[in-house]
Amino acid sequence: MTAIATAPAADPIAVDTATGDDGSRWQRWAVVVGVHLVGIGLWEVAVRMFSIQTFILPAPSKLLATLGNPNYHWLSNTGVTALEVFGGYVLALVLGILCALLFITSRSLMLLAFPLLVTLNMIPKVAMGPLIIVWFSYGIGPNILITFSLCFFPILLTTIRGLNETEPELLNLVRALKGSRWQLFRYIQLPGSLPYVFSGMKVATILAVAGAVVGEFIASDKGLGYLMIQVQASLDTPAVFMAVLLITGLGVLLYLMVLLLERLFITQDARIE
C-alpha cells in the first residue's frame, strides 16, 4: 500500500522519464549544455573584442591557464570545500529528517522545540560565524557546522509539511486494518512526504555551498573561499573567477545528485521541482 503526493510545478530542466523518451531526454540536456557553452564563447569573444583588462574581467582562456599554477593547490583546496559542502549537507539531511519524525510523533515536543528552532533560524549565519570560530576554533569542522546550520531548517520544514500532508482517509484505513505505527509510516507517510523532502533538499544544495564559503571567508587556512581571499589581495582576478567556477561546480554536482536520487525514488508526476 503506497501513497504519492502530487504537485503541479515543473522544473525547466526536468526530464519526463515517465514516457521513456530517451531522445527527448538527451535533447533537453544538449540544450542545457549548449546554452552554457555558447555563453562561455560569447564571454571570450566580448573580452577580446572590447579589450577588457584582465583584472576587471578575464577571458575564459585566462581562467583555464590558472589551473596550471601549482601555488594555488586547486585539487586540495577543492577537496576541502567539497568536504565542507557535502559533510554539512548530509548532516543536515539526516538530522533534519530525524527531527521532523520526532516532531510528528510528539506534538508536545513540536510545541516546545519548533518555535525555538524558528527563532534560531532567524539569526544571520554570517553573524554566527565568528561565534562558531570562538567556540570550535577554525578549520573544516566549524565550516561543516556553518553549512549544517544553513541547510537544516529547509529540510526540516519541508519534511514536516510532507508528513502532515498525508490524506486522513488513508491513515484511517491503515488503522482500521490494524496496521502498526511502523506500517503507517512506511507505507503511507514516508512515500507521501518524499516529494516535499526532495524539494527541501534542492533548496539546501544552494545554501550548502554558501555556508562552506562563508565559513572559509571568516576564518580558514584552506579551501576555495580561503584561496579567493588570498589571491584577491594581488588582484589575481582570473584565479578568483576560477575559484568561483569550481565552487559553482560543486553546487551543480550536489544538485544533480539530488535529482538522480529523486528520479530513483519518486515517480515523475509526484515531484515538486
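**Exercise 1. Count the aromatic pairs in the whole structure, then classify the pair Phe114 and Phe153.**

A search of the whole structure finds 5 aromatic pairs. Rings of Phe, Tyr and Trp (its six-membered ring) pair if their centres lie within 6.5 Å; planes under 30 degrees apart are stacked, over 60 edge-to-face, and the rest tilted. This is a predicted model: local features need pLDDT of at least 70, side-chain atom pairs count only at pLDDT 80 or more, and totals for chains, interfaces and linings use all residues. Residues are numbered from 1 along each chain as its sequence is written, and side-chain values use heavy atoms, with hydrogens and water left out.

Step 1. Phe114 and Phe153 sit 6.1 Å apart, centre to centre, with 25° between the planes: stacked.

Step 2. Phe114 lies in helix 4 (residues 107-121) and Phe153 in helix 6 (residues 140-164), so the pair ties together parts 39 residues apart in sequence. Helices are DSSP runs (H or I, at least four residues), numbered from the N terminus.

Step 3. Check burial (buried is under 20% relative accessible area, exposed over 50%, partly exposed in between, with a 1.4 Å probe and protein chains only). Phe114 is buried at 16%. Phe153 is buried at 11%.

Step 4. Phe103 joins Phe114 and Phe153 in one aromatic cluster.

**Exercise 2. Classify the pair Phe148 and Phe152.**

Step 1. The ring centres of Phe148 and Phe152 are 5.4 Å apart and the planes meet at 45°, so the pair is tilted.

Step 2. Both residues belong to helix 6, 4 residues apart, about one turn of the helix.

Step 3. Phe148 is buried at 18%, and Phe152 is buried at 11%.

**Exercise 3. Test the length of helix 5 and find its buried face.**

Step 1. Helix 5 (residues 125-136) has 12 residues. The expected span is 1.5 Å times one less than the number of residues. That predicts 16 Å; the end C-alpha atoms are 15 Å apart, which agrees.

Step 2. Lys125, Gly129, Ile132 and Ile133 of helix 5 are buried. Seen down the axis, the buried residues fall within an arc of 100°, so they line one face of helix 5. The arc is taken from the directions from the helix axis to the C-beta atoms.

Step 3. Val134 and Trp135 are exposed on the other side of helix 5.

Step 4. Ser137 follows helix 5 and has a positive phi, near 65°.

Key:
Helix = DSSP H or I, 4+ residues; strand = E, 2+ residues; numbered from the N terminus.
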